[in-house]
Each structure stands twice: as structure tokens, then as C-alpha cells.
Amino acid sequence: MKKILVVQYSQTGQLSDVMASICRPLAEAEALEVVVETLEPEKPFPYPWSFFHFLDVFPECVALDPPPIKPLSVGSTDEFDLIILAYQVWFLAPSLPITAFLKSTAAQHLLRGKPVITVIGCRNMWSQAQETMRQLLADCGARLLDNVVLTDQGSALASFITTPRWLLTGKKDAFWVFPAAGISDSDIQAACRFGKAIEVALAEDLEQGEGPLLHGLRAVEADISQIQSEKAGYRSFKVWGKLIRRVGKPGEASRLPVLVIYLLFLILMILTIVPLSMLLKKLLVPLLREKHLQAKAYYEAPSGSGTERMAMFGCPE
Ligand SMILES: Cc1cc2nc3c(=O)[nH]c(=O)nc-3n(C[C@H](O)[C@H](O)[C@H](O)COP(=O)(O)O)c2cc1C
């Protein structure tokens, strides 16, 4: 009997739904035991968020300085054959509860030498968070075998409206010309293909190798023209985050004016420089094709965006 540990956190329930879909085939398999550990911050984060609280978590997200979470229910000496780490992105970094887990001594024990699959459910900006995740996992001595990314439905422009509306008001429904917020139900249902593939891979002991276990299943799709903007955004987050942390502690009113100035600066950048630089990158694609393909392969590693095994696991290509 092989044991799988799923570590997850979800505010709205979206990422738990994704994990329930992935875990369904695993839970039904007789040769597997699935243990789900849901992280609980000592002081819960609000949902829906107030505008100030939403902005106020940004400096700590980027500084990887999370508030404490409650002790885990699994013992740190428990042994697992595979660990699936599901996380959402907060301000281009892993969300604070997941960072808290990865920085805990329990994670150091649970993850050392173990094969890990990361599953991201976010709006659509995950590349820099996964770079951070790779480092945090390496610090724990874990072996990253796969990365699955599910992003919000609709265009990037649409989710720039629908995701904040959802998180700040709790309204997820479609409205005016905009689709519903979040990952589509069909994408969540189709994520069960990853569970089926993990079951087959574990039966062949493939988790003991270098992976990936989830290739050919359209696990991840990287948009390289957007990643350049994410990199620039992340650098700017680091500089401003440091400044805001000097001005006050989380929750202190002294942070508000700097946060608002930064937000206005950010919106201006997103509406002007970002689309211009993305357009330029798109125009340059034919000239920089080779570099582009290399970058795409890097960010999509280890699992990749290939679709050749989709039909094998019950999904149309
Ligand atoms: C404070 C905060 C910051 C966020 N920042 C990002 C981000 O930088 N990139 C992104 O793609 N999604 C971002 N999101 C969206 C989340 O990744 C996620 O899709 C959403 O919060 C739903 O996750 P849930 O499973 O916890 O409900 C952010 C959400 C929150 C609450």
C-alpha cells in the first residue's frame, strides 16, 4: 500500500475542488491511501477580503514572511511515498499559508528526499511563484517531479476584472460581457486525468525515478510574453514590499498611504507599459523564436504542455 499526502489550503474552496477532482481516482484505488492535510492559519485570512487587508498582505507574501499556521494533523515522522502540494498564488508568490508550511520544521521532515507534485490554481500569473516554490522545495530537500497549473477562465483582461471582483465581494457569477470568475468547472472536472496518471505511475514505481509522471497531459501552458512582465512586476514588488515593511507592521494604518500610492502606480503600469511590452514581445516572436521556445520549455518543466496522452486518460485532446 502506497501513501500519498495532499497538503492544501483554499479560501473559496476552489483549490480544494481541484484537488478533490485529482484525488478521486487515487482514493478509489485499492493499492493507495490518500491523507489530506488542510492548512489552517492561526488567524484566518478574510474572504471576501477588505480592500486594505488584500493589499496589506503583499509585502509579507513577497518577503516569504508568513503568519503562523496551526500544527499539522499528520505527524512529522509519518512517511509518504508521494506528496502533492496544492497552492494558490498571492502577489506573484506562493500564498502565505503554503509558505508557512514550507518553512516549518514539520515540512523539513515530511519532504526530505520525497517526490513532490505541485498543483497551482490561480488567476494566470504563476511563473515567479513557481520559481520561489522550486527554491523552497530544494531547501527542504524535496524532489519536484511535476507541476500542474490551472488558471481562471476568460482572457487575461477579463480575469483582471473578474478575479478581484470575486475576491473583494464574494461574487463569482458572469456579468455584463465578463465570464464567471475562477477556474472553469470543466477544467476542474478534467483535472481527474492527473489522478488517473498518478495511479498508473505509482503502480510502476515511477515516483522513485526523476519524473515527470504527468507529461503529455497538458499540465501547464506558459505564456512567455506575459512572463517578462511578471519578472519586472516581481522585482518591483520586492523593492516596494521592503519599503512598506519599514513603514509599519501588517495591519498598521501607517502602511495604507504607501500601499495606495503603489497600487495607483501598479494600475498605471498594467494599463500602459505592460500591454505595450507584451505587444512588442509578440511582434518579436519570429525573431526570437529559439530563445522563446527555450524559455517556454524552462517554465513548463517538468511536466510540459504536450497533449499526446490526453485520450489515454479519458480526455479529448
Ligand atoms: C491576496 C491575493 C493575491 C493574489 N495574487 C495573485 C497573483 O499574483 N497571481 C494570480 O494568478 N492569482 C492571484 N490571486 C488569485 C489566487 O491565486 C486564487 O486564484 C484565488 O485566491 C482563489 O483561490 P482559493 O482556492 O484560495 O479560493 C490572488 C489572490 C489573493 C487572495
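Helices here are DSSP runs of H or I at least four residues long, strands are runs of E of at least two, and both are numbered from the N terminus. On that footing, R218 sits in the loop between α9 (192-203) and α10 (224-247). The model is a predicted one, and R218 is a handy place to start looking at its backbone. Its phi is positive, about 45°, although R218 is not a glycine. R218 also counts as buried, because 21 C-beta neighbours fall inside 10 Å and the cut-off for burial is 20 or more.

W176 makes a good companion to R218. Phi of W176 is near 45°, again a positive value in a residue other than glycine. W176 belongs to the loop between α7 and α8 (185-190). Here the surroundings are sparse: W176 has 5 C-beta neighbours inside 10 Å, so it is classed as exposed, the limit for that class being 12 or fewer.

Two cis peptide bonds also turn up along the backbone. One links Y47 to P48, with omega at about -5°, and P48 is part of the loop between β2 and α2. Another links A301 to P302, where omega is about 0°; P302 is placed in the segment after α13 (289-300).

Turning to the strands, β1 (residues 2-8) is mostly covered, with 5 of its 7 residues buried. β1 runs parallel to β2 (residues 32-38), and 7 bridges join the two. Within this pairing, Q8 has T38 of β2 as its bridge partner. β1 is also joined to β3, again in parallel, by 4 bridges, and L5 stands opposite I83 of β3.

β3 itself (residues 82-87) has 6 of its 6 residues buried. What happens to the side chains that point either way from β3? L82, I84 and A86 point one way and I83, L85 and Y87 the other, and all of them are buried. Beyond its pairing with β1, β3 pairs with β6 in the parallel sense over 5 bridges. L85 has T118 of β6 as its bridge partner.

I83 comes up again in the packing. The largest nonpolar core holds 77 residues, and V18 and I83 touch the most other members. Domain 1 (2-222 + 301-311) and domain 2 (226-294) both give residues to this core, which is why it lies between them. As for V18, and leaving aside residues up to four places away in sequence, its contacts are A86, V119, G121, L150, I183, I188 and A191. A86 in that list is also one of the buried residues of β3. As a rule, nonpolar side chains in soluble globular proteins tend to be buried together.

How do the domains themselves meet? The chain is divided into domain 1 (2-222 + 301-311) and domain 2 (226-294). Taken over C-alpha atoms, the centres of domain 1 and domain 2 are 23 Å apart. Domain 1 puts 14 residues into the contact and domain 2 puts in 16 residues. On the side of domain 1 that touches domain 2, the elements giving two or more residues are α2 (51-56), α3 (58-63) and α6 (127-139). Of these, α3 gives the most, with 5 residues. By class, that side of domain 1 has 10 nonpolar, 2 polar and 2 charged residues.The ligand has a shell of its own. It is surrounded by 20 residues, and the closest are S10, T12, L15, C122 and R123. The elements that give two or more residues to this shell are α1 (14-28), β4 (89-90), β6 (115-122) and α7 (156-169). Sorted by class, the shell around the ligand has 11 nonpolar, 8 polar and 1 charged residues. β6, one of the elements in the shell, is also the strand that pairs with β3.

Finally, K103 is found in the loop between α4 (96-102) and α5 (105-111). K103 counts as partly exposed because 16 other C-beta atoms lie within 10 Å. Along the chain K103 and F51 are 52 residues apart, and their C-alpha atoms are separated by 28 Å.

Methods:
Residues are numbered from 1 along each chain as its sequence is written. This is a predicted model: local features need pLDDT of at least 70, side-chain atom pairs count only at pLDDT 80 or more; totals for chains, interfaces and linings use all residues. A nonpolar core is a set of buried Ala, Val, Leu, Ile, Met, Phe, Trp, Tyr and Cys residues joined through C-beta atoms within 7 Å. Domain bounds come from an automatic or database domain assignment. Two residues are in contact if their C-beta atoms, placed from the backbone, lie within 7 Å. A residue is near a molecule or strand if its C-beta atom, placed from the backbone, lies within 6 Å of it. Ala, Val, Leu, Ile, Met, Phe, Trp, Tyr, Cys and Pro count as nonpolar, Asp, Glu, Lys and Arg as charged, and the others, Gly among them, as polar. Two strands pair if DSSP finds at least two bridges between them.
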